[in-house]
Amino acid sequence: MSVTTTAPAPADSRTTADAQPTGGPTAPWWRSAVIYQIYPRSFADSDGDGMGDLNGVRGKIGYLADLGVDAIWLSPFYPSPQADAGYDVADYRDVDPVFGTLADATAMITEAHDAGLRVVVDLVPNHTSYRHVWFQAALAAGPGSPERARYIFRDGRGEHGELPPNNWESNFGGPAWTRVEDGSWYLHLFAPEQPDLDWTNDEVVAEFHDILRFWLDLGVDGFRIDVAHGMVKDPDLPDMPGGHLLTAENVGDHPHWDRDGVHDIYRGWRKVLDEYAGDRVFCGEAWVPNPDRFAQYLRPDELHTAFNFDYLVAGWDADAVRKVVDKTLEELRSVGAPATWVLSNHDVTRHRTRFGGGDVGLARATAGTLLTLALPGGAYVYQGEELGLEEVEDIPGALRQDPIFARTNGERIGRDGCRVPLPWSGTEAPFGFGPGGTPWLPQPADWATQTAEVQDADPSSTLNLYRAALAARRSAGLGDGPMGWLDTDPGVLALRRGDHFVSVTNFTDAEEPVPAALVGATVLVTSTPGAPGVIPANTTTWFTTA
């Protein structure tokens with residue numbers, strides 16, 4: 001496509017990002033890591049019951065190593081009634097039989113390490129399952145008991161306590177309070193089967209320190225923290241003026257999101273983690289739209305990384321993306337933390353669909369991925385995006401399992417569409433997901449052309465593009481470190497990393513000329529092949545000027 005050039009690296013139009021801390025060969029692995037998210041129930045099924053499991057993960061370790069990621073993160077596989085797909089944890093120190101055994105988890109960790117992959121597990125500290133032994137004890141013990149003090153129980157309002165203690169709404173729809181037989185109410189910011197813990201309780205604090213040590217002793221390399229901006233509530237439980245969402249204008253004053261007290265919790269956790277060798281890591285799911293507040297989670301004695309959701313919601317827009325990147329790097333520089341970029345996960349519509357769907361959506365999705373992998377810091381890849389999968393939007397209501405769908409009477413469609421089991425091989429369902437059985441969510445028939453088996457054999461496939469990009473990223477020494485923007489036409493972003501690497505993204509629907517300083521430079525990877533001298537529409541191309 002192009003030939004090597006001796007042209008000098010192009011000059012920057014700005015250099016404010018160059019103060020970003022450099023990774024370097026001795027920097028912790030997580031500052032630059034690409035981490036692959038596994039949603040266990042939808043990844044691979046080893047026993048044919050239609051549900052993915054840990055032995056299914058073990059069977060795909062080679063696939064993950066070949067893909068070129070640095071680590072894997074697994075959504076919860078703990079014992080659970082599965083009211084919210086495992087985010088309602090009944091026992092934090094075991095494995096649900098549907099996923100296997102604790103021995104399977106230990107073997108998975110060992111085998112991943114043998115393949116050069118780190119292992120991050122999910123931690124759900126805001127709430128437990130209503131089947132957790134603590135909550136069952138709380139129900140049995142009654143009002144005013146030490147058992148109830150582990151959760152947030154309150155008397156109701158109204159003449160007979162028949163009204164909820166306040167007007168808070170559940171994140172899944174409906175009220176955030178449920179009344180028990182003795183008349184008391186308990187708080188659940190999510191489903192009623194997920195009662196919120198009271199993090200002012202010393203027993204709760206000590207319990208999670210012990211849970212951290214349990215999994216660290218088994219060899220995990222870190223934790224992704226669910227609802228990291230939750231856990232601490234205003235003790236007065238005031239009514240919300242409207243809605244339940246956190247806005248950029250909230251500065252520590254929301255009654256249950258992003259309250260200052262969460263930082264004391266993480267300082268305690270960090271002390272536990274720092275007892276262990278091996279650069280163990282925390283990654284927070286912190287939906288905090290205020291960049292100043294977001295950066296506070298990443299101070300040197302708190303979390304190491306946190307998902308950048310502003311980047312995820314920026315859309316396919318050059319100006320919006322550049323603004324988010326600049327603001328992110330600016331704020332994180334103040335606390336010395338790396339950025340953590342993400343485009344898809346188990347809670348959001350897959351980015352191919354968000355970016356328009358079909359062929360255009362795929363072009364934008366792969367271009368967005370290459371841009372993401374070129375940015376300073378680390379990145380997450382959600383299972384199936386390397387196959388170019390779209391959101392499955394036509395799941396029949398009777399088969400949907402996300403509690404959001406049920407609690408809103410279908411007004412909110414829920415998250416099932418991004419959780420459909422992966423297609424590995426074959427021409428009909430279950431597409432190699434398991435040795436038989438019906439997958440827990442239905443797979444589209446047209447996935448027959450998108451299986452990993454089909455794409456493995458196609459040099460131009462999305463799977464092989466991801467493999468090439470991850471290999472090139474590693475060879476080019478990307479990840480954490482400085483960057484600078486180059487001058488470009490509107491709708492085009494170009495960034496420089498080091499002396500010789502340049503990434504150019506064309507966000508427009510028409511081809512754009514290669515920047516003059518890059519004419520003749522060597523193409524490392526491109527998301528859409530095109531004629532020499534141009535960047536096709538909706539395309540990212542990586543160049544080297546060496």
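This tour moves from the whole chain to one residue, V514, in a predicted model.

Begin with the entire protein in a cartoon view, where 14 helices and 18 strands can be picked out. The radius of gyration is 24 Å, close to the 24 Å that the globule rule gives for 546 residues, so the protein is as compact as a globular protein of that length. If you align the view with the principal axes, the C-alpha atoms fill a box of roughly 80 × 50 × 45 Å.

Next, switch on a surface, for which the accessible area of the protein comes to about 20,100 Å², with 52% of that area belonging to carbon and sulfur atoms. Colouring by burial will show that 59% of the 546 residues count as buried. Select the charged side chains as well: the protein has 41 positive and 78 negative charges, and the mean positions of the two sets are 3 Å apart. If you then display contacts with a separation of 6 or more, 68% of them join residues 24 or more positions apart.

Now select residues 512 to 526 and zoom in on the loop between strand 15 (512-513) and strand 16 (522-526), in which V514 lies. Is V514 buried or exposed? Its relative accessibility is 10%, which is under the 20% cut-off, and V514 therefore counts as buried.

Keep V514 selected and show its surroundings: leaving aside residues up to four places away in sequence, V514 touches V519, G533, V534, I535 and F543. Finally, add V504, which stands ten residues from V514 along the chain, and draw a distance between the two C-alpha atoms, which are separated by 8.3 Å.

Methods:
Residues are numbered from 1 along each chain as its sequence is written. This is a predicted model: local features need pLDDT of at least 70, side-chain atom pairs count only at pLDDT 80 or more; totals for chains, interfaces and linings use all residues. Side-chain values use heavy atoms; hydrogens and water are left out. Helices (H or I, at least four residues) and strands (E, at least two) are DSSP runs, numbered from the N terminus. The radius of gyration is taken over C-alpha atoms; the globule rule is 2.2 Å times the number of residues to the power 0.38. Buried means under 20% relative accessible area, exposed over 50%, partly exposed in between (1.4 Å probe, protein chains only). Contact means heavy atoms within 4.5 Å. Accessible areas come from the Shrake-Rupley method with a 1.4 Å probe; for residues, only the protein chains shown count as cover. Lys and Arg count as positive and Asp and Glu as negative; His and the chain ends are not counted. The place of a charge is taken as NZ of Lys, CZ of Arg, CG of Asp or CD of Glu.
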